[in-house]
Amino acid sequence: MKNLNDKIIEKLINILNYPILIYFWSEWCEICKISKDIINNIKIKFKNKIKIIKINIDYNYYTTEKFSIKNIPTIIIILNKKIIIKKQGLFNNDFFKKLIKKII
């Protein structure tokens, strides 16, 4: 069953015409705790160029299943309703900056 977050994500994917970065994480994931700060910094730096959505896999089952998330942290970047990047693991600020600059 879709919860409110799942419905909002679907709507955003369908209406936004700029990149969406979806960050899948969980509170029990130690690597996710490190990545969360990096994601927050990227969100501030690129706030008008990319939409960043954080999805806690423990509460958003529909979206987690829809994107076949098996490991966390995982990021997905969607542009024009299509997944253009799906990666898992720990990434640093430079990785995100280069990635985002490349797609915007």
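This briefing describes the sheet, the helices packed on it, the nonpolar core and several individual residues of one protein model. The model is predicted, and the values below are computed from it. At its centre of interest is an open sheet of four strands in the order E2-E1-E3-E4, with mixed pairing. The largest nonpolar core has 34 residues, and strand E1 gives the most to this core, with six residues.

**The sheet and its pairing**

- Four strands form the open sheet, which follows the order E2-E1-E3-E4 and is mixed in its pairing; its edges are strand E2 (51–56) and strand E4 (82–88), each of which pairs on one side only. On average, and with direction ignored, neighbouring strands of this sheet are turned by 20° against each other.
- Strands of a sheet pair through backbone hydrogen bonds, and the sense may be parallel or antiparallel.
- Strand E1 (residues 20–25) runs antiparallel to E3, to which five bridges join it, and within E3 the residue standing opposite Ile20 is Ile78.
- With E2, strand E1 pairs in the parallel sense over six bridges, and here Ile22 has Ile53 of E2 as its bridge partner.

**Helices packed on the sheet**

- Five bridges link E1 and E3 in the antiparallel sense; helix H2 packs on the sheet, where it touches E1 and E2, and the direction of H2 makes about 160° with that of E1.
- Helix H4 (residues 93–103) also packs on the sheet, touching E1, E3 and E4, and the direction of H4 makes about 15° with that of E3.
- Ile38 belongs to helix H2 (residues 30–45) and counts as buried because its relative accessibility of 13% is under the 20% cut-off.
- Leaving aside residues up to four places away in sequence, Ile38 touches Phe91, Asn92, Asn93 and Phe96; between Ile38 and Lys97, the separation is 59 residues in sequence and 10 Å in space, C-alpha to C-alpha.

**Strand E1 and the nonpolar core**

- Strand E1 is largely enclosed by the rest of the structure, because six of its six residues are buried.
- In a regular strand the side chains alternate between the two faces of the sheet. In E1, Ile20, Ile22 and Phe24 point one way while Leu21, Tyr23 and Trp25 point the other way, and all are buried.
- In soluble globular proteins, nonpolar side chains tend to be buried together. Here the largest nonpolar core has 34 residues, and those with the most contacts inside it are Leu21, Ile22, Phe24, Phe67 and Phe96.
- The elements giving two or more residues to this core are helix H1 (4–15), E1, H2, E2, E3 and H4, and the contribution of E1, at six residues, is the most that is given.
- Phe67 touches Ile13, Ile22, Phe24, Ile76, Ile78, Ile83 and Lys86, when residues up to four places away in sequence are not counted.

**Thr74 and the cis peptide bond before it**

- A cis peptide bond, with omega about -5°, joins Ile72 and Pro73, and Pro73 is found in the loop between helix H3 (61–66) and E3.
- Thr74 has its place in strand E3 (residues 74–79), and it is buried because its relative accessible area of 3% falls under 20%.
- The side chain of Thr74 reaches the backbone oxygen of Asn71 at 2.4 Å, while its contacts, not counting residues up to four places away in sequence, are with Ile22, Tyr23, Phe24, Ile69, Lys86, Lys87 and Gln88.

**The loop between E3 and E4**

- Most residues other than glycine have a negative phi, and most peptide bonds are trans.
- Asn80, in the loop between E3 and E4, has a positive phi near 55°, and it is exposed because its relative accessible area of 52% is over 50%.
- Lys81 lies in the loop between E3 and E4 and has a positive phi near 70°; Lys81 is exposed, with a relative accessible area of 55%.

**Cysteines**

- Cys29 counts as buried at 7% relative accessibility, and Cys32 is buried with a relative accessible area of 1%.
- The count of disulfides comes to zero, where a disulfide requires two cysteine sulfur atoms within 2.5 Å.

Definitions and conventions
Residues are numbered from 1 along each chain as its sequence is written. This is a predicted model: local features need pLDDT of at least 70, side-chain atom pairs count only at pLDDT 80 or more; totals for chains, interfaces and linings use all residues. Side-chain values use heavy atoms; hydrogens and water are left out. Buried means under 20% relative accessible area, exposed over 50%, partly exposed in between (1.4 Å probe, protein chains only). A polar contact is a pair of N or O atoms within 3.5 Å; within protein, one must be able to donate a hydrogen and the other to accept it, and residues adjacent in sequence count only if both atoms are side-chain atoms. Contact means heavy atoms within 4.5 Å. Two strands pair if DSSP finds at least two bridges between them. Axes are lines fitted to C-alpha atoms, for helices over the stretch in contact, and angles run from 0 to 180 degrees between N-to-C directions. A nonpolar core is a set of buried Ala, Val, Leu, Ile, Met, Phe, Trp, Tyr and Cys residues joined through side-chain atoms within 4.5 Å.
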